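Welcome! Here is a short briefing to help you find your way around a structure that is new to you. Have a look at it first, and then read on.

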Amino acid sequence: MSRLALATVHLGALRANLQRIRVLAAGSKVMAVVKADGYGHGLERVARALAVADAYGVASIADGQRLRAAGHRQRIVVLSGIDAAGDLPEVRRLRLDVVVHHRAQIDLIAADADPRPLRVWLKIDTGMHRLGLPVAQVAAAVARLRALPNVDPALIWMSHFASSDAADPGPTETQLALFNALPSAPNYERTIANSAAIVAQSASRLDWVRAGGLLYGMAVVDGRTGSDFGFHPAMSLSSKLISIQRVSRGQAVGYGGTWCCPEDMDVGVVAIGYGDGYPRSVPSGTPVLIAGRPAPIIGRVSMDLLTVDLRQHAAAVIGAPVLLWGPALPVEKIAAAAGSISYELACGVTRRVMVAEDDQPVAADPEFAKPKFAKPVAAN
Ligand SMILES: *Cc1c(COP(=O)(O)O)cnc(C)c1O
């Protein structure tokens, strides 16, 4: 069986989404976060579409290497920084910026004989309690870094929100207040906002915003989609119907027989499954679009295939296109059905899925260019 599962990446959506972030965060520079292979959309492809970003954010030096090999010259920030002394020559060769989030990383830089100045983003823990220097260690860390001749004196101050996607802005505001209260030198740039904060917390945008999900048209805010905030989904996951079977009333469909036909009916089989990254955990009733119209999944998703109820699709034929998610069927909705978030689904599309690029510009939506959408969370 040739694989019919196809992820189409909409380059026009990526470009429009970056432009939309520029409108929202007009005074800020934009770091395009392209870790995890561009949130599953393909690192080089995404970076090419977003080449006007002010910087790229990556999780590993290896990603920085790929971006330099592709010819990108702007700043590339390794978001977890260095782990070992051997990382530094590579960071220098590739001219990568590093995040410093722990004293051990300062020790590595201090022990490095290379005199060329490293660009450092100092990560401070304001309440996420994952990576970052405790506030109490910041002054000492800054003093040490400033005394090192091989560190660029223009440190960038960075922190990360734990709950910027939550309905309650309280924890985010607390983190922002703590970050703003740090006695930073006037020439230091500062950054704290991720995607959810870019739309919901205008005061957090500061010198740099660090956008991941929004660039791909995805939202993590509960019950909301990227489109609700004026962003365009950058991926369509599709496949085709490869079988239509008449199944009798009372017969069960698929592994475990979890769904039983209430009447004699047509069951369609779609060539995609969890081996492609479509989540196995979605329940019966989760929609796909067949030739643009919804049809519910029935029974369990299997590795290569899933089954759908064709009772409302009398005209469906083998070969009909099936959309699993995309602009007409928000990935956030499928993610919610799977008990997950859109990011995990996009990152989870597996290597056997064919990838195509769609270079069409997105349809211009004049509504979203207007400043009244600057706080879209308040809408509706
Ligand atoms: C992943 C990441 C981001 C982007 O987060 P989104 O919610 O996708 O915008 C920003 N900053 C850091 C440090 C990250 O690791």
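**The ligand and its surroundings**

In this predicted model, the side chain of Ser-195 places an N or O atom 2.5 Å from an oxygen atom of the ligand. On its own the ligand has 390 Å² of accessible area, and the protein covers 92% of that. As for where to look, the ligand sits in the largest pocket.

**Polar partners of the ligand**
- Tyr-39 has a polar side-chain atom that lies 2.5 Å from an oxygen atom of the ligand.
- Lys-35 also takes part, with an N or O atom of its side chain 2.6 Å from an oxygen atom of the ligand.

**The shell around the ligand**
- There are 14 residues around the ligand, and those that come nearest are Lys-35, Tyr-39, Ser-195, Gly-212 and Gly-213.
- By type, the shell residues are 6 nonpolar, 5 polar and 3 charged.
- Two elements, helix 2 (35-39) and strand 10 (208-211), each give two or more residues to this shell.

**The chain as a whole**
- Stepping back, you can see the protein chain divided into domain 1, spanning 11-218, and domain 2, spanning 235-329.
- Between the C-alpha centres of domain 1 and domain 2 there is a distance of 41 Å.

Conventions. Residues numbered from 1 in each chain as written. Predicted model: local features only at pLDDT ≥ 70, side-chain atom pairs only at ≥ 80, totals over all residues. Heavy atoms only, no water. Near = heavy atom within 4 Å. Polar contact = N/O pair within 3.5 Å; in protein donor to acceptor, adjacent residues only side chain to side chain. Areas by Shrake-Rupley, 256 points an atom, 1.4 Å probe, with all protein chains shown as cover. 1 Å grid on protein atoms, 1.4 Å probe; cavity = no way out; pocket = protein on both sides within 12 Å on 5 of 7 lines; lining within 4 Å. Sits in = over half its atoms within 2 Å of the grid points. Helix = DSSP H or I, 4+ residues; strand = E, 2+ residues; numbered from the N terminus. Nonpolar A, V, L, I, M, F, W, Y, C, P; charged D, E, K, R; others polar. Domains from an automatic or database assignment.
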